Amino acid sequence: LPLCNQLSVEVYPNPSSGKFRIDGAGQKIQSVEVFSLVGERVYSSVHLMGSTVDISAQPNGIYFLRVKNEKEVITKKLVVNK
């Protein structure tokens, strides 16, 4: 059986004041979304690796970053602390 390439992304700095950089060794990404703890979508974008997510208008707290490619979805925790 062929091995599946797992989607792997780094998000930094984390915690931050609301601006996060997403890197993933040239992997292709279809979309990026950020959700609050109560499930409200606060950011959505068709996204390229190496770009910046800016949720600095949101209050301090914990958010969830969802990154999708053609085959996988991963979620990372983001902390906004201004």
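## Close-up views of an all-strand model

Of the 82 residues in this protein, 34% are buried. The model is a predicted one, so please read each legend below with that in mind.

**View 1. The whole chain is built from strands.** Here is a friendly place to begin: the secondary structure amounts to 7 strands and 0 helices. Starting at the N terminus, the elements follow the order β-β-β-β-β-β-β. How much of the contact set with a separation of 6 or more comes from residues 24 or more positions apart? Such pairs account for 50% of those contacts. The protein exposes about 5,400 Å², and 51% of this area is supplied by carbon and sulfur atoms.

**View 2. Three strands make an open sheet in the order β1-β2-β5.** The pairing in this sheet of 3 strands is antiparallel. Both β1 (10-12) and β5 are edge strands with a single partner strand each, so each has one side without a neighbour in the sheet. From one strand to the next, the twist averages 25°. If you zoom in on β1 and strand β2 (residues 19-23), you will find them antiparallel and joined by 3 bridges. Within this pair, Glu-10 has Asp-23 of β2 standing opposite.

**View 3. Thr-52 belongs to strand β5.** This strand covers residues 52-54. Is Thr-52 buried, partly exposed or exposed? Its relative accessibility is 44%, so Thr-52 counts as partly exposed; the class lies between the limits of 20% and 50%. A useful pair to pick out in this view is Thr-52 and Tyr-12, which are separated by 40 residues in sequence. In space, their C-alpha atoms are 9.6 Å apart.

**View 4. Four strands make an open sheet in the order β4-β3-β6-β7.** This sheet of 4 strands also has antiparallel pairing. At its edges stand β4 and β7, each with a single partner strand, so one side of each lacks a neighbour in the sheet. The twist here averages 20° from one strand to the next.

**View 5. β3 pairs with strand β6.** β3 and strand β6 (residues 61-68) run antiparallel and are joined by 6 bridges. To follow one of the bridges residue by residue, start at Val-32, whose partner in β6 is Val-67. As a general guide while you look along the strands, side chains in a regular strand alternate between the two faces of the sheet.

**View 6. A hairpin takes the chain from β6 to β7.** How many residues does the hairpin use to join β6 to β7? The link consists of 4 residues. β6 pairs with strand β7 (residues 73-80) in the antiparallel sense, over 8 bridges. Among the partners to look for, Ile-62 is bridged to Val-79 in β7, and Arg-66 is bridged to Thr-75 in β7.

**View 7. Leu-37, Val-38 and Ile-62 form a nonpolar surface patch.** The patch made by these residues has an area of about 320 Å². Where does Leu-37 sit? Leu-37 lies in the loop between β3 (31-36) and β4 (41-45). With a relative accessible area of 60%, Leu-37 is exposed, because that class begins over 50%. Ile-62 links this view to the previous one: the residue contributes to the patch and has Val-79 as its bridge partner in β7.

Conventions:
Residues numbered from 1 in each chain as written. Predicted model: local features only at pLDDT ≥ 70, side-chain atom pairs only at ≥ 80, totals over all residues. Heavy atoms only, no water. Patch = residues over 30% accessible without salt bridge, like charges linked within 9 Å, V, L, I, M, F, W, Y side chains within 5 Å. Areas by Shrake-Rupley, 256 points an atom, 1.4 Å probe, with all protein chains shown as cover. Salt bridge = Lys/Arg side-chain N within 4 Å of Asp/Glu carboxyl O. Helix = DSSP H or I, 4+ residues; strand = E, 2+ residues; numbered from the N terminus. Buried < 20%, exposed > 50% of the residue type's maximum accessible area, 1.4 Å probe, protein only. Contact = heavy atoms within 4.5 Å. Pairing = 2+ DSSP bridges. Axes fitted to C-alpha atoms, helices over the stretch in contact; angles between N-to-C directions.
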